[in-house]
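Thanks for coming, everyone. I'd like to walk you through one structure today, going from a single loop residue out to the sheet and the cores.

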Amino acid sequence: MAMNERLIHEFKSAIRNIPDFPRKGIMFKDLTTLFRNRVLLGTLIEVLYDYYRDLGITRVVGIESRGFIAGSALAVKLGAGFVPIRKPGKLPAGSYRKEYSLEYGSDAVEIHKDALDDGDIVLLHDDLLATGGTSRAALDLIRLFPVKKIYINFIVELKFLNGRQLFTSPEDIYSVISYEA
């Protein structure tokens, strides 16, 4: 399904803006209102599927927690496995950990040590790219494995926060919706 201005408008209209969350001065983009609409969610998955269907993806890696929603549905549609990247202490088996800095502190993400196989073609997926810290940490975890190729996808990109600048290597980055300001 090809993206067009009408579809972008429909997606954007379904996203709820929440001022001053999680702290004052931030306008939070809440995608749960898009996800609850079965027609728009299905359309979103079709858009993502059309973009990635011929790339041989074997694993979709979703970042906790909203990256699990469309990421797992897309994995099924692509015939790929799904791998979660989680906050510390949430994975039950041996895992790799990557810490990263935030505007207001630090955090970390983890992936199971047996999550990816030699030669996997990976799609790293999350709902939103803002400053990029979490996504970059997730990418660094994936790079611990001898995967063949990595693609990166976001449903929404807040371009004015310049998160894309943290990705300096040749991974293909695709955002369905972007906000310039």
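Let's begin at glycine 132, which sits in the loop between β7 and α5, the helix of residues 133-142. When I say helix or strand, I mean DSSP runs numbered from the N terminus, with helices being H or I over at least four residues and strands being E over at least two. Glycine 132 counts as buried because its relative accessibility is 6%. For accessibility, buried means under 20% relative accessible area, exposed means over 50%, and partly exposed is in between, using a 1.4 Å probe and protein chains only. What does glycine 132 touch, leaving aside neighbours within four places in sequence? The answer is Gly163, Leu166 and Phe167, where contact means heavy atoms within 4.5 Å. Phenylalanine 68 is 64 residues away along the chain, and its C-alpha atom is separated from that of glycine 132 by 17 Å.

A word on provenance: this is a predicted model, so local features need pLDDT of at least 70 and side-chain atom pairs count only at pLDDT 80 or more, while totals for chains, interfaces and linings use all residues. Residues are numbered from 1 along each chain as its sequence is written, and side-chain values use heavy atoms, with hydrogens and water left out.

Now the sheet. It is an open one with five strands in the order β4-β3-β7-β8-β9, and the pairing is parallel. Two strands are called paired if DSSP finds at least two bridges between them. At the edges are β4 and β9, each pairing on one side only. From one strand to the next, the twist averages 20°. Between β3 and β4 there are five bridges, and arginine 59 stands opposite glycine 81 in β4.

Which helices pack here? α4 lies across β3, β4, β7 and β8, running at about 160° to β4. α5 also packs on the sheet and touches β3, β4, β7 and β8, with its direction at about 170° to that of β7. For those of you who like conventions, axes are lines fitted to C-alpha atoms, for helices over the stretch in contact, and angles run from 0 to 180 degrees between N-to-C directions.

On to the nonpolar cores. By that I mean a set of buried Ala, Val, Leu, Ile, Met, Phe, Trp, Tyr and Cys residues joined through side-chain atoms within 4.5 Å. The largest has 31 residues, and Ile57 and Val156 touch the most other members. Each of α1 (5-14), α2 (32-35), α3 (38-52), α4 (67-78), β7 (121-129), β8 (149-158) and β9 (172-179) supplies at least two residues of this core. Which element gives the most to this core? That is α3, with six residues. Isoleucine 57 itself touches Tyr52, Leu78, Ala80, Ile121, Leu123 and Tyr151, not counting residues up to four places away in sequence. There is also a second, separate core of 24 residues, whose members include Val83, Ile111, Leu116 and Ala138.

Next, charges. The whole structure has 16 salt bridges, each being a side-chain nitrogen of Lys or Arg within 4 Å of a carboxyl oxygen of Asp or Glu. We already met arginine 59 opposite glycine 81; its side chain also meets that of aspartate 120 in a salt bridge, at 3.7 Å from N to O. The two are 61 residues apart, with aspartate 120 in the loop between β6 (105-112) and β7 and arginine 59 in strand β3 (residues 59-63). Is aspartate 120 buried or exposed? At 5% relative accessibility, aspartate 120 is buried.

Glutamate 64 and arginine 86 form another salt bridge, with the closest N and O atoms 2.8 Å apart. Glutamate 64 is in the loop between β3 and α4 and arginine 86 in the loop between β4 (81-85) and β5 (95-102), so this pair ties together parts 22 residues apart in sequence. There is also a network of salt bridges linking Lys98, Arg136, Asp140 and Arg143.

Finally, some backbone details. Glutamate 64 turns up again here, since its peptide bond to serine 65 is cis, with omega near -10°. Another cis bond joins phenylalanine 21 and proline 22, with omega about 5°. Asparagine 162, in the loop between β8 and β9, is not a glycine, yet its phi is positive, near 60°.
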